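Here are my notes for someone opening this entry for the first time. Please read them with the structure in view.

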Amino acid sequence: LQHPHLWSAEHPARYVLVAQLLDKKGQPIETVSTYTGFRQIEVRQTKAEDDEFNLAGRYFYINNQPVKLKGVNRHETDPATGHTISHDRMTQEIMIMKRANINHVRNSHYPDDPYWYYLTDKYGIYLEDEANLESHEYYYGNASLSHVPEFENAHVARNIEMVRSNINSPSIVIWSLGNEAGPGKNFVTAYNAIKAFDTTRPIQYERNNDIVDIGSNQYPSIAWVNE
């Protein structure tokens, strides 16, 4: 495609990607399809005099436009049915978010049901997809499982399985390595594994800003905010 319609939350243009498995005679023996989309994601360090929008600082761009993410955390929880969520309820959530000018959801703290990505791709919600990885029972110091070599493969696997499963979803604009699980080398390895597979999206991981592309600080103190 030379000039594809670009996907964004305001204009969620989708394409159907079709793949066929052919036999030795060139005849299709299996056909699969999925929705996907095209967009460019950048985190830019800008100076006011160098930027057409006269902005200075670090900004999140989608399709060469600065975007402010106005978001919420979302758990797969229904007030009536618990952790069993119907497609109708998911659609209702999307409609409420769109009416409230919410344009961003963090899948906390695990990848979600495939239908959720179908809806966010279709209606336009920017997603942060988060690996199912949380071990803060061991807290964030030397006891953290993020330091333990025997747990390195588990850290990498949970991240890579998420990325491989959901990489074609245009609504995912950020990967998250996990939630509250320590600062150790296992997350550095997980970050490098994702970057070896997908360079199109930035990666975040709460509080451990020296590991990832986007800094974050969950639950900052009042004093920190005042400063």
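1. Start with helix α1 of this predicted model. Its buried residues are Met90, Glu93, Ile94 and Met97. Viewed down the axis of α1, these buried residues fall within an arc of 95°, so they line one face of the helix. Asp88 and Arg99 are exposed, and sit on the face turned away from that buried side.

2. The dimensions of α1 are regular. The helix covers residues 87–99, 13 residues in total. From first C-alpha to last it reaches 19 Å, close to the 18 Å expected. Asparagine 101 follows α1 and has a positive phi, near 60°.

3. What covers the buried residues of α1? The cover includes strands β6 (71–74) and β7 (104–107), along with helix α2 (114–123).

4. Now the sheet. It is open and has 5 strands, in the order β6-β7-β8-β9-β10, with parallel pairing. β6 and β10 (203–204) are the edge strands, each pairing on one side only. Between β6 and β7 there are 4 bridges, in the parallel sense. Asparagine 73 stands opposite arginine 106 of β7.

5. Helix α2 also lies across several strands: β6, β7, β8 (126–130) and β9 (172–176). It runs at about 155° to β8.

6. Last, look at histidine 155 in helix α3 (residues 152–166). Is histidine 155 buried or exposed? Its relative accessibility is 3%, so it counts as buried. Leaving out residues up to four places away in sequence, histidine 155 touches Leu133, Leu145, Ser146, Asn186, Phe187 and Ala190.

Notes. Residues are numbered from 1 along each chain as its sequence is written. This is a predicted model: local features need pLDDT of at least 70, side-chain atom pairs count only at pLDDT 80 or more; totals for chains, interfaces and linings use all residues. Side-chain values use heavy atoms; hydrogens and water are left out. Helices (H or I, at least four residues) and strands (E, at least two) are DSSP runs, numbered from the N terminus. The expected span of a helix is 1.5 Å times one less than its number of residues. Buried means under 20% relative accessible area, exposed over 50%, partly exposed in between (1.4 Å probe, protein chains only). The arc is that of the directions from the helix axis to the C-beta atoms. Contact means heavy atoms within 4.5 Å. Two strands pair if DSSP finds at least two bridges between them. Axes are lines fitted to C-alpha atoms, for helices over the stretch in contact, and angles run from 0 to 180 degrees between N-to-C directions.
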